[in-house]
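Work through the exercises below with the coordinates loaded. Each one sets a task and then solves it step by step.

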Amino acid sequence: MITFFGCCCCCSAIPPACSIPRHHHHHHQAPLATYVLQNNQPVRHKKDSNMSSIEDAILTFLSKSEDAIISDTYTYAEEQNMNHDLVIGSVKSLLPDEYVATSDLSTSFLTLTKEGTEILSNGAQEVLVLAALLEDGSGEGLSMQELQAKVGKGVCKIGMGNCMKNKWAKKGGDKIVPIKKLEEIKDEVQIALKSISDSEGKTDSVDSKVIAVLKRRKLVNSVTRKSYSVTRGPQYAPKRVKKAADLTKEMLDSGAWETTQFKNYNFLTLGEKVGGGYLHPLLKVRAEFRKILMQMGFHEMPTNKWVESSFWNFDSLFQPQSHPARDAHDTFFIKDPASTVSVPEQYYERVKTMHEIGGSGSIGYRYDFKREEAFKNLLRTHTTAVSSQMLYKLANQEGGFKPQKYFSIDRVFRNETMDATHLCEFHQVEGLVADYDLSLGDLIGTIETFFQKIGITQLRFKPAFNPYTEPSMEIFGYHPDLNQWTEIGNSGMFRPEMLAPMGLPENVRVIAWGLSLERPTMIKYRISNIRDLFGHKVDMARTRTAPVCRFESAASV
Amino acid sequence: RYDLLCIEGLTMALQVFQQQRETPKFVVTEPKHRLVVKADTERIRPFVVCAVLRGVKFDKHSYNSFLDLQDKLHFNICRRRSLVSMGTHDLSKVDQTAPFVYDARRPEDISFVPLAQTKEYTNARELLDFYRTDPSVKHLKEYTDLIYDSEVYPVILDSKDRVMSLPPIINSDFSKISQDTRDIFIEITAVDENKANIVLNTLVAMFSCYCETPYHVEAVEVEYEATGRKVVTPNMNSRPMSASVRYLNAISGLDLNPDKICAILTKMMLSGTYDEKSDTVTVSVPPTRSDVLHACDVAEDMAIAYGYNNLEKRPLTTITVGRQQPINQ
């Protein structure tokens, strides 16, 4: 229903009120009825949609006597020519201020569906069918097709079935034969619908069993209308008085404060939720690790390059170009730009030589090193690519090599099959120490110190293999939370074939270890599926409610 | 460690580690056969290495193990046959009157009955199409891409010009081996000669224990027609690798005397000798240990044999001051 408020916009066929010739007493007359469009028909517009005037009307009505009651807002609205919804609205706005009191009413009544209305005028389908069957007077009946042609497919479908059910007709060969005559039968359905329609939908106009049948045939609908009966409320007054919400200076000055009515404070409302930022659990753990590593004297490496050349990611680390990890299966190669622009040329030559024929005590890999392969761009598969660049810088800095400790915690990308514990993107924590004459003992010592700080004190080491470290060790720790031994990291000493081309002095050795960020986070926060932690399937509520991350460190460290 | 890919290699390594036996010494006997490599192979798959295992006695388990190792190596170091591929043949079934030939011929000139089939395919390209489309042989489909578009396909032929194999796809049916085969001819074609040698060495080293004379491998002379180069394969010589005692101890954080070091390394199949003058240990790296590239590999083996969990830890003495990246603060 389209409602136009005020008299301005109306159906064009009806002259607007303002073009009616004025009379002297025009303003005493009731304004001419305005029309609105309802279902494309002009319908008389309900009087005055101004809420406050409805409120006044209600209050005035209730002023008649102390026991005055609007027994049903619906009938009241009809009588007063008001929009029922607006009446309800007004009642509801008077309610909190306790001007009125209400009790709920709900009335059910029946309405006819489109089909029901059709039957009301034409008669039930089964009667139409029977009439058609008897039309030619022979009593022989009709075939299906003839019947369909006479009454229409829809009527035939419903009517024929009911006809047979009521035993008004039967099947005779391929024809449908009428048994009864029109005079012998009663159109029960039409009668019932008429009763309902006449009583304006009263639910008791017809037996409830009949109603059920009609509902099943989708001829009537049950509609419930909510309305209220309204009486005076404890704060009733014939006219609404606006309550003040605040005490103002003017009120104090003028003395109005003595007589003004004030709104009650509602102490039961909850405060408005203040939004705030929340750190993702991964970042919480990352912050802890960063703190720990900096306490141990490590420098953070600049890892803000996610795209690396194969040269830095693989070749400079002495990983052969034919290594399976360099397949498209495991690495994400960049489509555009596909190749890097430049690498330090002299260093490149030394790396190439090392791969092809060896040197510095190594026999090398002995294959043909390809420049195009080295220049391919990719999303880095480990932060060791950055470590490599840092070591190169360290070897060639002003003043020569000086011992240094580096760390980084950042994102890496691997084209892996995804499952509950693996994603394509994850975060690596990496630490490395470059110094003279380092040994495995130093590596074990450093690793122990680090893990002690996050509460894992029992460690065991197992031989492992990495293309760029030799010796390599897998780190296993007894996890206090899980109460079992689990793999917690990987470590090793960088191969001389990797360090020599960089120009590091011969007895400088680099020890390194790494772990993923996701694993400790998942253990700490008891998350079993990595997709609940990282990615588009993360539950934001979890980020909001994730507890502060604190690692209990072993007492003495 | 490709030698650990099969049960034979694993048991050998463990037994040596537990000092139940010594590292076997492989003997390569004089070649009785030759293989000539035609110039056209340069265009598609240039290198080939061969060997013969005489008087082999397989049982069901060892035969399966032999096939399994080939599969694993194919998948692994051979990079799914793209770099290297192996073929094994029953020597008694092929004609040995003249040298074997490794050639690259046009597909329409290649005709043979492939393994597990009964039909003779007169055009190799048709055979590849068969492998590409028929579901019963779909496991071979991925390898067809390696040669499909080439003008010439690599083939190994016996003296009667019969096709013994079409690397890297399939061998022929007539020369196929079975559990009862006594003399095995192994040919390995490749685009990377170094890797081909590693694969050949691994294969024969692991299975020569079943030969008539254990650990004896019969060589084959390979002659490259285009350049005249002649290679006798396999080369199963051990190579020396030296490492100073100081270095070995420094890496592992231990302080072992040279005798102890040699004893430990022997357990890892790296037996060696100590030279007092230069204070170095020189180990003899067997052909099964293609992973040893540098002294650091020796050092790792020493540390592993000693036991990582027995190493002494040292607290880190490098003094540096921590620092963070400004952007992360």
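The exercises go from whole chains to strand pairing, a cavity and single residues.

The model is predicted, so local features need pLDDT of at least 70 and side-chain atom pairs count only at pLDDT 80 or more, while totals for chains, interfaces and linings use all residues. Residues are numbered from 1 along each chain as its sequence is written, chains are lettered from A and ligands numbered from 1 in the order in which they are written, and side-chain values use heavy atoms, with hydrogens and water left out.

**Exercise 1. Describe each chain by secondary structure, burial, contacts and surface.**

Step 1. Count the elements, taken as DSSP runs numbered from the N terminus: helices are H or I with at least four residues, strands are E with at least two. Chain A has 19 helices and 17 strands. Chain B has 8 helices and 13 strands.

Step 2. Find the buried share. Buried means under 20% relative accessible area, exposed over 50%, and partly exposed in between, with a 1.4 Å probe and protein chains only. In chain A, 42% of the 557 residues are buried. In chain B, 54% of the 329 residues are buried.

Step 3. Sort the contacts, where a contact means heavy atoms within 4.5 Å. In chain A, 71% of the contacts between residues at least 6 apart in sequence join residues at least 24 apart. In chain B, residues 24 or more positions apart account for 71% of the contacts with a separation of 6 or more.

Step 4. Compute the accessible surface by the Shrake-Rupley method with a 1.4 Å probe; for residues, only the protein chains shown count as cover. Chain A gives about 30800 Å², with 53% from carbon and sulfur atoms. Chain B gives about 14900 Å², with 49% from carbon and sulfur atoms.

**Exercise 2. Determine how β1(B) pairs, and in which order the sheet containing β5(A) is built.**

Step 1. Strands of a sheet pair through backbone hydrogen bonds, either parallel or antiparallel. Here two strands pair if DSSP finds at least two bridges between them.

Step 2. Strand β1 (residues 27-37) of chain B runs parallel to β9 (residues 216-224) of chain B, joined by 8 bridges. Within this pair, His33(B) has Val220(B) as its bridge partner.

Step 3. β1(B) also pairs in the parallel sense with β4 (residues 100-105) of chain B, over 3 bridges. Leu35(B) has Phe100(B) as its bridge partner there.

Step 4. In chain A, an open sheet of 3 strands has the order β5-β7-β6 with antiparallel pairing. Its edge strands, each pairing on one side only, are β5 (142-143) and β6 (169-172). Between β5(A) and β7 (residues 175-178) of chain A there are 2 bridges, and Leu142(A) stands opposite Ile176(A).

**Exercise 3. Locate any cavity of 30 Å³ or more and describe its lining.**

Step 1. On a 1 Å grid over the protein atoms alone, a cavity is a set of points where a 1.4 Å probe fits but cannot get out; lining residues have an atom within 4 Å of a point. Grid points are joined across faces, edges and corners, and a volume is the space filled by probe spheres set on the points.

Step 2. The whole structure yields 1 such cavity, with a volume of about 40 Å³.

Step 3. Its lining includes Asp315(A), Phe318(A), Tyr347(A), His355(A) and Glu497(A). The elements giving two or more residues are α13 (345-356) and α17 (496-499) of chain A; α13(A) supplies the largest share, 4 residues.

Step 4. By class, the lining has 6 nonpolar, 2 polar and 2 charged residues. Nonpolar covers Ala, Val, Leu, Ile, Met, Phe, Trp, Tyr, Cys and Pro, charged covers Asp, Glu, Lys and Arg, and the others, Gly among them, are polar.

**Exercise 4. Find backbone angles that depart from the usual pattern.**

Step 1. Most residues other than glycine have a negative phi, and most peptide bonds are trans.

Step 2. Phe318(A) has phi near 65°. This residue lies in the loop between α12 and α13 of chain A and is buried at 1% relative accessible area.

Step 3. Met269(B) also has phi near 65°, in the loop between α7 (258-267) and β12 (272-275) of chain B. Met269(B) is buried, because its relative accessibility is 3%.

Step 4. The peptide bond from Asp336(A) to Pro337(A) is cis, with omega near 0°. The bond from Pro167(B) to Pro168(B) is cis, with omega near -5°.

Terms used. On a 1 Å grid over the protein atoms alone, a cavity is a set of points where a 1.4 Å probe fits but cannot get out, and a pocket is an open set with protein on both sides within 12 Å along at least five of seven lines; lining residues have an atom within 4 Å of a point.
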